[in-house]
Amino acid sequence: MKQQLVDKFLEIYGDGDAVDVYFAPGRVNLIGEHTDYNGGHVFPCAITIGTYAVARRRTDDSVRLYSLNYPENGMIQASLRDLVYRKKDGWGNYPKGVLQTFISKGCQIPYGVEILYYGEIPKGLGIGSSASLGVVTGLILKELMELKDINMVDIALFTQLAENEYIGAGSGIMDPFTIAMGKKNHAIFLDTSDLSYIYAPLLLPHEKIIITNSQKSRLAVDERYQERRAQCEQALKELQRVVAIRDLGELTAEVFEQVQEMIESPIRLKRARHAVTENQRTIQAVEALERGDIEEFGQLMNASHLSLKEDYEVSCEELDILVEESWDIEGVLGSRMMGAGFGGCMISIVKNSAVNEFINHVGEHYKERTGLVAEFYVVETGNGAAKI
Ligand code: GLA
């Protein structure tokens, strides 16, 4: 793979200085959904598939970007002096946004770059393909421009900033943080209120983590994501009249019960209840995993799904069917929708002995009930972004 990508790079950009190859993974999130912009906890891990990039510094200030996934877009060209968002640049706006963010944060980028990308992450699955593209670009800039003061957490923060401010997507810190900081055989227990984290061992010798692609395309996901964010922010303001908190993630379920009547709309009450209870479930799930109680971990995943469906209302019929069908199988410890929602995928923890039954049963029943053909991926944990 590495050599093939280098050959392709040389074919596109021509011979010249030596090149380096970089990789940034995708991510899955075991539990802690829609908590990362509410100052709550998340529990994701990096996976072995992701985005490869071959890169070289230029001697002038031009920027050349090419993706093997979008050959129809051809080479995206820009310069360090002109990195404005251009619709026609499509996917290329992500790396441009990262470059622009590095520059606006005061990083010295005296030279342009030429980069070839190849992403393995299926689009629309919701496992961090855009953050993976952003983080790999950030890592390339750090290495090629010798930005010694920039660490992996900075790269994650700049990637999020690029997504929020340059692209205009509302995403939280979970995806870029996991992709930059992931560690094989571990999940990251991240407190998004202050970015403190611990690596929790995730070995699961008797189980597999399975991602099921609903193949349901996500409609207006950004808009509905922003709407949830705004509802939580408003609920927080209402609660702040009686409790001194900065984020919903600071509340325990008990305190929330006592103060919830401050929230003036039933919808905002449900949204805030999800943010609070999901954060608590995430904390409990990590404790359960540390005790080796994977059964309890799975039950908390199931409860997470119900909360996402009923209180946060980010599931959809297709995801609910996948989850229901998976719950029918004995060897399924837990299943829930994963990511932003409204389509995308389900994450499940399945006993090794039940994997075939899971794929057959869920696949068949899902097709019968929706007409869609689900896709299954067995996930392996991997390391965060690195030069390879
Ligand atoms: C998307 C965002 C993340 C997070 C999840 C929901 O994946 O990119 O930051 O908010 O939705 O948990």
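## Exercises: a ligand and its shell

By class, the ligand's shell has four nonpolar, four polar and four charged residues. This is a predicted model, where local features need pLDDT of at least 70, side-chain atom pairs count only at pLDDT 80 or more, and totals for chains, interfaces and linings use all residues. Residues are numbered from 1 along each chain as its sequence is written, and side-chain values use heavy atoms, with hydrogens and water left out.

**Exercise 1.** Find the residues around the ligand and sort some of them by class.

*Solution.* Step one: a residue is near if one of its heavy atoms lies within 4 Å. That gives Arg27, Glu33, His34, Asp36, Tyr37, Ser171, Gly172, Met174, Asp175, Tyr225, Gly339 and Ala340. Step two: Asp, Glu, Lys and Arg count as charged, and Gly is among the polar ones.

**Exercise 2.** Which distances link the ligand's oxygen atoms to aspartate 36, aspartate 175 and tyrosine 225?

*Solution.* Look for polar contacts, meaning pairs of N or O atoms within 3.5 Å. In aspartate 36, a side-chain N or O atom is 2.6 Å from a ligand oxygen. For aspartate 175, the distance is 3.1 Å. For tyrosine 225, a polar side-chain atom lies 2.5 Å from a ligand oxygen. Now add the cover: the protein hides 92% of the 300 Å² of accessible area that the ligand has on its own (Shrake-Rupley method, 1.4 Å probe).

**Exercise 3.** Why does cysteine 232 form no disulfide with cysteine 316?

*Solution.* Start with the cut-off: a disulfide is a pair of cysteine sulfur atoms within 2.5 Å. The closest cysteine sulfur to that of cysteine 232 is in cysteine 316, 19 Å away, so it's too far for a bond. Cysteine 316 has its closest cysteine sulfur in cysteine 345, at 11 Å, also too far. The tally for the structure is zero disulfides.

Notes:
A polar contact is a pair of N or O atoms within 3.5 Å; within protein, one must be able to donate a hydrogen and the other to accept it, and residues adjacent in sequence count only if both atoms are side-chain atoms.
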